[in-house]
Amino acid sequence: MEHICTPKATIVIHGQSISQTQKCLENDDPTAHAVVESVRTLKKLRLRPQQVQDCRIYVEQGICPMCAAALRNYHIKYVMMNRQEVEITKFYFQTIL
């Protein structure tokens with residue numbers, strides 16, 4: 001099965017870039033997707049959801065429903081993919097067969 005979640009994600013907030021890569025294998029953690037790792041970094045930096053509402057996240061490929069939920073839970077509403085702004089809710093109902 002092809003993995004649909006992006007291998008790299010970059011969040012731009014307050015003029016700074018935070019990039020993460022997928023770490024599922026190296027961390028032995030199936031939830032360590034690049035987007036989730038980016039959200040974890042925001043949490044480590046003690047940035048509250050209210051402080052990151054206007055940030056942008058850039059991804060190389062699509063994102064899975066888990067990553068979309070992590071972003072939405074952190075009040076991030078849009079992701080930049082292929083130079084287009086896509087609403088996070090578009091990723092909620094993707095089906096993996």
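What follows is a walk through the fold of this protein, from the overall layout down to a few single residues. The model is a predicted one.

Starting with the big picture, the protein has three helices and five strands. Read from the N terminus, these elements come in the order β-β-α-α-β-α-β-β. Of the 97 residues in the protein, 42% are buried. The accessible surface adds up to about 6400 Å², and carbon and sulfur atoms own 49% of that. Contacts across the chain also say something about the fold: among those with a separation of 6 or more, 55% link residues that sit 24 or more positions apart.

The five strands come together in one open sheet, lined up as β2-β1-β3-β4-β5, with mixed pairing. As a bit of background, strands of a sheet pair through backbone hydrogen bonds, and they can do so in a parallel or an antiparallel way. Which strands end up at the edges here? They are β2 (16-21) and β5 (84-87); each has a single partner strand, so one side of each goes without a neighbour in the sheet. The sheet is not flat from strand to strand either: on average, and ignoring direction, neighbouring strands are turned by 30° against each other.

At one end of the sheet, β1 (8-13) and β2 run antiparallel and are joined by six bridges. These two strands make a hairpin with two residues between them, and H14 in that hairpin has a positive phi near 50°. One facing pair here is T10 and S19, with S19 on the β2 side. T10 itself belongs to strand β1. Is T10 buried or exposed? With a relative accessible area of 16%, T10 is buried, as the cut-off for that label is under 20%. The side chains of T10 and S19 also meet in a polar contact at 2.8 Å. Setting aside residues within four places in sequence, T10 touches S17, I18 and S19, and also R56, I57 and Y58. Strand β3 covers residues 56-59, so the last three of those contacts can be looked up there on the model. The other end of the sheet has its own hairpin. Strand β4 (residues 78-81) is joined to β5 by four bridges, and the two run antiparallel. Within this pair, Y78 stands opposite E87 of β5, while M80 faces E85 of β5. Two residues separate the strands of this hairpin, and N82, in the turn, has a positive phi of about 55°.

Next comes the helix that packs on the sheet. Helix α2 (residues 34-44) touches β1, β2 and β3, and its direction makes about 135° with that of β2. How many of the 11 residues of α2 are buried? Eight of them are, which leaves the helix mostly covered. The buried ones are A34, V35, V36, E37, S38, V39, T41 and L42. Their cover includes the strands β1, β2 and β3, along with the helices α1 (24-27) and α3 (65-73). After α2 comes R46, which has a positive phi near 60°.

A good place to see α2 and the sheet meet is Q20, a residue of strand β2. Q20 is buried, with a relative accessible area of 13%. The side chain of Q20 makes a polar contact with the side chain of T41, at 2.8 Å. Not counting residues up to four places away in sequence, Q20 touches P7, K8 and A9, plus A34, E37, S38 and T41. A34, E37, S38 and T41 are among the buried residues of α2.

A few other spots round out the picture. G62 sits in the loop between β3 and α3, and at 17% relative accessibility it counts as buried. G62 and M80 are 18 residues apart in sequence, and their C-alpha atoms lie 9.7 Å apart in space. As for cysteines, C55 is buried at a relative accessible area of 4%, and C67 is buried too, at 0% relative accessibility. The structure contains zero disulfides.

Notes. Residues numbered from 1 in each chain as written. Predicted model: local features only at pLDDT ≥ 70, side-chain atom pairs only at ≥ 80, totals over all residues. Heavy atoms only, no water. Buried < 20%, exposed > 50% of the residue type's maximum accessible area, 1.4 Å probe, protein only. Contact = heavy atoms within 4.5 Å. Areas by Shrake-Rupley, 256 points an atom, 1.4 Å probe, with all protein chains shown as cover. Pairing = 2+ DSSP bridges. Axes fitted to C-alpha atoms, helices over the stretch in contact; angles between N-to-C directions. Disulfide = S-S within 2.5 Å. Polar contact = N/O pair within 3.5 Å; in protein donor to acceptor, adjacent residues only side chain to side chain.
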